[in-house]
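Visitor: I should like to be guided through this protein by means of questions and answers. Please show the sequence and structure before we begin.

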Amino acid sequence: KGCNAAEADRLEMSPKQPQSMVNYTSTGFKKIKAPPKLWELLSTFWDENEDEQEIEEWFVGNVYTNNWAAPSYYIGVEDEELEGGGPDLRNE
């Protein structure tokens, strides 16, 4: 998508989005603090792999991030080449 098409999609979605948002899922889930064990696993993963960040790829015309001026980075928790990463971390 080009910039104009992506912007048109964003403008079309904007009036609809607030009324479609809910604080709980239909089965009652809500946002909570991560359990201590999970927080420890993720914190350790971050500490061991912070220097392995990669630039996040966005489609041309993306209007949701300012990636051309301020790139976003990520570290894939499922990356088995990273210390402590891979499906085991995700499945914890």
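Guide: A preliminary definition is required: contact means heavy atoms within 4.5 Å. The model is a predicted one, in which local features need pLDDT of at least 70 and side-chain atom pairs count only at pLDDT 80 or more, whereas totals for chains, interfaces and linings use all residues. Residues are numbered from 1 along each chain as its sequence is written, and side-chain values use heavy atoms, with hydrogens and water left out.

Visitor: Leaving aside its neighbours within four places in sequence, with which residues is Trp46 in contact?

Guide: Trp46 lies in helix 3; helices (H or I, at least four residues) and strands (E, at least two) are DSSP runs, numbered from the N terminus. The C-alpha atoms of Trp46 and Ile75 are separated by 8.2 Å, although the two residues are 29 apart along the chain. Once neighbours within four places in sequence are set aside, the contacts of Trp46 are Gln53 and Ile75.

Visitor: Does Trp46 count as buried, partly exposed or exposed, and why?

Guide: Buried means under 20% relative accessible area, exposed over 50%, and partly exposed in between (1.4 Å probe, protein chains only). Because its relative accessibility is 39%, Trp46 counts as partly exposed.

Visitor: In what order do the elements of the protein run from the N terminus on?

Guide: The protein has four helices and two strands. From the N terminus on, their order is α-α-α-β-β-α.

Visitor: Which element gives the largest share of the negative patch?

Guide: Patches are made of residues with over 30% relative accessible area and no salt bridge (a side-chain nitrogen of Lys or Arg within 4 Å of a carboxyl oxygen of Asp or Glu). Like charges are joined within 9 Å, and nonpolar side chains (Val, Leu, Ile, Met, Phe, Trp, Tyr) within 5 Å; Asp and Glu count as negative, with the charge placed at CG of Asp or CD of Glu. Among the members of the negative patch are Glu40, Asp47 and Glu83. Its largest share, three residues, comes from helix 3 (residues 36–49).

Visitor: Why does Asp47 count as exposed?

Guide: Asp47 is found in helix 3. Asp47 counts as exposed because its relative accessibility is 60%.

Visitor: Which residues make the nonpolar surface patch of about 290 Å²?

Guide: Met13 is one of them, and its place is in helix 1 (residues 3–13). At 33% relative accessibility, Met13 counts as partly exposed. The patch is made by Met13, Phe59 and Tyr64.

Conventions
Areas by Shrake-Rupley, 256 points an atom, 1.4 Å probe, with all protein chains shown as cover.
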